[in-house]
Amino acid sequence: MSAARDQVITDLRERISSIQGEGVKKAGCLPFGVDEIDEILPGGGLAYGALHEFAGGGSGTVDGAAAALFVAGIAARTKGPVVWCLTRPDLFFPALAQVGLHPDRVIFVESDREEDVLANMEEGLSFGGLGAVVGELVRLPMVSSRRLHLAAERTGTMALAVRRWRRQSEASDFGQPTASTTRWRVSVMPSDELPVPGVGRPRWFLELMRVKAGECAEFLVRACDDKGRLDLSSGSADGSYSSSRSFYSA
């Protein structure tokens, strides 16, 4: 009986995986253009028609800003207008333009409450015809994330949730289950060294903490350029780091 049950479970998993694969093929993916990253993502890139989740590596503003810039670089490489939903109008427009997302492409929707941010995101995703819908959120309940994912799935629009903390205690909510297809954490690292005095290209430590039908991984990358593109960094400031895959409970 146990063997029959195991076979049924295996068959169901294969059918679910097949359905998820068809969804990826139908909506398409946005490649990062970095082989080491794209090869571990189902479909070869970040899936359209899905919800993706991002946060800074700590509770401070520096890592939080890096996560927002990572999302802006992704949105910059999509086609069509970008809707950015938020409660705090503190985005630095020149920084967005520096990673390829120019203000003339962005429709900013400001709300007083996070519940309104979620509603505005869902409405934007349901509208269709957009490159991406971005929402800045402290919490992302499972039910709300599921609604966003389904709305994105219907129109093929990419949903990008940026998790922003106001206090350290809120950061623990990032580990709670959501319906996101991928979950990323971004930490600021020392910039590239230059042969002359100055500040080199910023670098980020990317943690792919969750990915459906794929493996989790870590990468040290050069931050997005003016086209929203990443570049894999060969090592840390002391030359000891190399990209590696690691596994988490998701």
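Rings of Phe, Tyr and Trp, the last taken by its six-membered ring, form a pair if their centres lie within 6.5 Å. The exercises below use this rule and others on a predicted model.

**Exercise 1. Describe the chain as a whole.**

Solution.
Step 1. Begin with the secondary structure: the chain has six helices and 12 strands.
Step 2. Turn to burial. Of the 250 residues in the chain, 48% are buried.
Step 3. Look at the surface, where the chain exposes about 12,600 Å². Carbon and sulfur atoms supply 54% of that area.
Step 4. Consider the contacts between residues at least 6 apart in sequence: 66% of them join residues at least 24 apart.

**Exercise 2. Find the largest nonpolar core and state which elements build it.**

Solution.
Step 1. The largest nonpolar core holds 42 residues. F70, W84, W184, W204 and L230 have the most contacts inside it.
Step 2. Assign the core to elements. At least two of its residues come from each of α3 (61–76), β4 (82–86), β6 (132–137), β7 (158–163), β8 (182–189), β9 (203–211) and β10 (217–222).
Step 3. Pick out the main contributor: α3 gives the most, with eight residues.
Step 4. Check for a further core. Another one, of 16 residues, lies apart from the largest core, and C85, L140, A151 and A161 are among its members.
Step 5. Set this against a general tendency: in soluble globular proteins, nonpolar side chains tend to be buried together.

**Exercise 3. List the surroundings of W84, leaving aside neighbours within four places in sequence.**

Solution.
Step 1. W84 is among the residues with the most contacts inside the largest core.
Step 2. Collect its contacts beyond four places in sequence. W84 touches A68, V71, A72, L91, L96, L101, V106, I107, F108, V109, V134 and E136.

**Exercise 4. Classify the aromatic pairs F70–W184 and F93–F108, and place them in the chain.**

Solution.
Step 1. Count the pairs: the ring rule gives six aromatic pairs.
Step 2. Take F70 and W184. Their centres are 5.6 Å apart and their planes meet at 75°, an edge-to-face pair.
Step 3. Locate both partners. F70 belongs to helix α3 and W184 to strand β8, so this pair ties together parts that are 114 residues apart in sequence. Both F70 and W184 are buried.
Step 4. Take F93 and F108. Their ring centres are 5.0 Å apart and their planes lie at 20°, so the pair is stacked; the cut-off for stacking is under 30 degrees.
Step 5. Locate these partners too. F93 is in helix α4 (residues 93–98) and F108 in strand β5, so the parts tied together are 15 residues apart in sequence.
Step 6. Assign their burial. F93 has 39% relative accessibility and counts as partly exposed. F108, with a relative accessible area of 30%, is partly exposed.
Step 7. Join pairs into a cluster: ring pairs link F32, F54, F70, W184 and W204.

**Exercise 5. Is S111 buried or exposed, and what does its side chain meet?**

Solution.
Step 1. Place the residue: S111 is in the loop between β5 (106–110) and α5 (114–127).
Step 2. Its relative accessible area is 7%, so S111 is buried, the cut-off being under 20%.
Step 3. The side chain of S111 makes a polar contact of 2.8 Å with the side chain of N120.
Step 4. Leaving aside neighbours within four places in sequence, S111 is in contact with L86, T87, D116, V117 and N120.

**Exercise 6. Examine T178 and D173, in the loop between β7 and β8.**

Solution.
Step 1. T178 has 5% relative accessibility and counts as buried.
Step 2. Two polar contacts involve the side chain of T178: one of 2.9 Å to the side chain of S180, and one of 3.3 Å to the side chain of R183.
Step 3. Beyond four places in sequence, T178 is in contact with E53, L140, M142, S145, R183 and R210.
Step 4. Follow R183 further. Its charged end sits over the ring of F174, 5.3 Å from the ring centre.
Step 5. For D173, the contacts beyond four places in sequence are V138, R139, L140 and R163.
Step 6. D173 and R163 are 10 residues apart along the chain, and 9.3 Å separates their C-alpha atoms.

How values were computed:
Residues numbered from 1 in each chain as written. Predicted model: local features only at pLDDT ≥ 70, side-chain atom pairs only at ≥ 80, totals over all residues. Heavy atoms only, no water. Core = buried A, V, L, I, M, F, W, Y, C linked by side-chain atoms within 4.5 Å. Buried < 20%, exposed > 50% of the residue type's maximum accessible area, 1.4 Å probe, protein only. Helix = DSSP H or I, 4+ residues; strand = E, 2+ residues; numbered from the N terminus. Contact = heavy atoms within 4.5 Å. Polar contact = N/O pair within 3.5 Å; in protein donor to acceptor, adjacent residues only side chain to side chain. Areas by Shrake-Rupley, 256 points an atom, 1.4 Å probe, with all protein chains shown as cover. Phe/Tyr/Trp six-rings, centres within 6.5 Å; stacked < 30°, edge-to-face > 60°. Lys NZ or Arg CZ within 6 Å of the ring centre and 35° of its normal.
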